[in-house]
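Open the model in your viewer and keep the selection tool at hand. The tour has two stops.

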Amino acid sequence: MDVKIMVAAHKEFPMPKERELYLPVLVGAKRNYKPGIDYQRDDDGENISEKNPNYNELTAIYWAWKNLDADAVGLVHYRRFLSKKRKSDLENILNKREVEELLAKTPIILPKKRKYYIETNYSHYIHAHHQEPIDVTRKVIVDKYPEYLDAFDQMMKRTSAHMFNMFVMKKELFNEYASWLFDILTQVEKQIDISEYSVQEARVFGYLAERLMDVWILTNHFKYTEVNWIQLGKKDTLRKLVNFLKRKFFKKSKKITHFE
């Protein structure tokens, strides 16, 4: 099986040795290229590379959808990988044999769900980001994909989700997912104004996509296999926990609509 797992990166970084499986992709290539970076560029062929500041790693997904020929396609990040083990180093990430064995069981591989415990997916989103984009996403689903609305509302009320826009899936399903995802995000983009967003908040479409993966899977009843995800380098868990609690309990309250 020809499987290509893209490693989205905005700079040069240590990459997996198994290049038959892993394909480093330089996202936001025109802006981020420096001499010596020998990665696949996301501005090659049909692309949305220029939208990388707003779409994050989704520009690599779009590039693969339009240009990559493979039996299965995946995405990980230069510091975050899928693994059947727990040790956080490049020697323990999924290898080709493991990927093929997993895809023989189910057509999709996902990282284990991230659990929020005291927050729903919706409340976590609006405590961390601007509320309008997630509400507009729901409106787009109502208008264009009403068959996905029940799953969207269910996912917003849950306290866990498959995050990070990481996956491996067979190409036919990948094409279906990308077509659905980018159609929704394009409609949301037309209806919100992000011109005053901070650099971090301007990555809005990557954040929205993280909340949409499970909506697509749940509606279509797709079977999947979960594996561990590992992060290379310092996680800074304490700082993230403190920031999470600040957002949860001290941030100015927002108007809640459908989910609380």
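Select His-162 in this predicted model, then expand the selection to its contacts. Leaving aside residues up to four places away in sequence, His-162 touches Leu-110, Pro-111, Lys-112, Lys-113, Glu-210, Asp-214, Tyr-224 and Glu-226. Keep these residues displayed as sticks.

Now look at two acidic names in that set, Asp-214 and Glu-226. Draw a distance from the side chain of His-162 to the side chain of Asp-214: there is a polar contact at 2.6 Å. Do likewise for Glu-226. Its side chain joins that of His-162 in a polar contact of 2.7 Å.

Switch to cartoon. Where does His-162 sit relative to strands S8 and S9? His-162 lies in the loop between them, with S8 at 160–161 and S9 at 167–170.

Add a surface. Is His-162 buried or exposed? His-162 is buried, because its relative accessibility is 3%, and the cut-off for buried is under 20%.

Next stop: strand S2. Select residues 22–26. S2 is mostly covered, with four of its five residues buried.

Bring in strand S1, residues 3–9. S1 and S2 run parallel as a pair, linked by five bridges. To find one of the bridges, pick Met-6 and go across to Leu-23, its partner in S2.

Then add strand S3, residues 40–41. S3 also pairs with S2 in the parallel sense, here over two bridges. Pick Val-25 and step to Gln-40, its bridge partner in S3.

Finish with S1, S2 and S3 shown together: S2 pairs with S1 and with S3.

How values were computed: Residues numbered from 1 in each chain as written. Predicted model: local features only at pLDDT ≥ 70, side-chain atom pairs only at ≥ 80, totals over all residues. Heavy atoms only, no water. Buried < 20%, exposed > 50% of the residue type's maximum accessible area, 1.4 Å probe, protein only. Polar contact = N/O pair within 3.5 Å; in protein donor to acceptor, adjacent residues only side chain to side chain. Contact = heavy atoms within 4.5 Å. Pairing = 2+ DSSP bridges.
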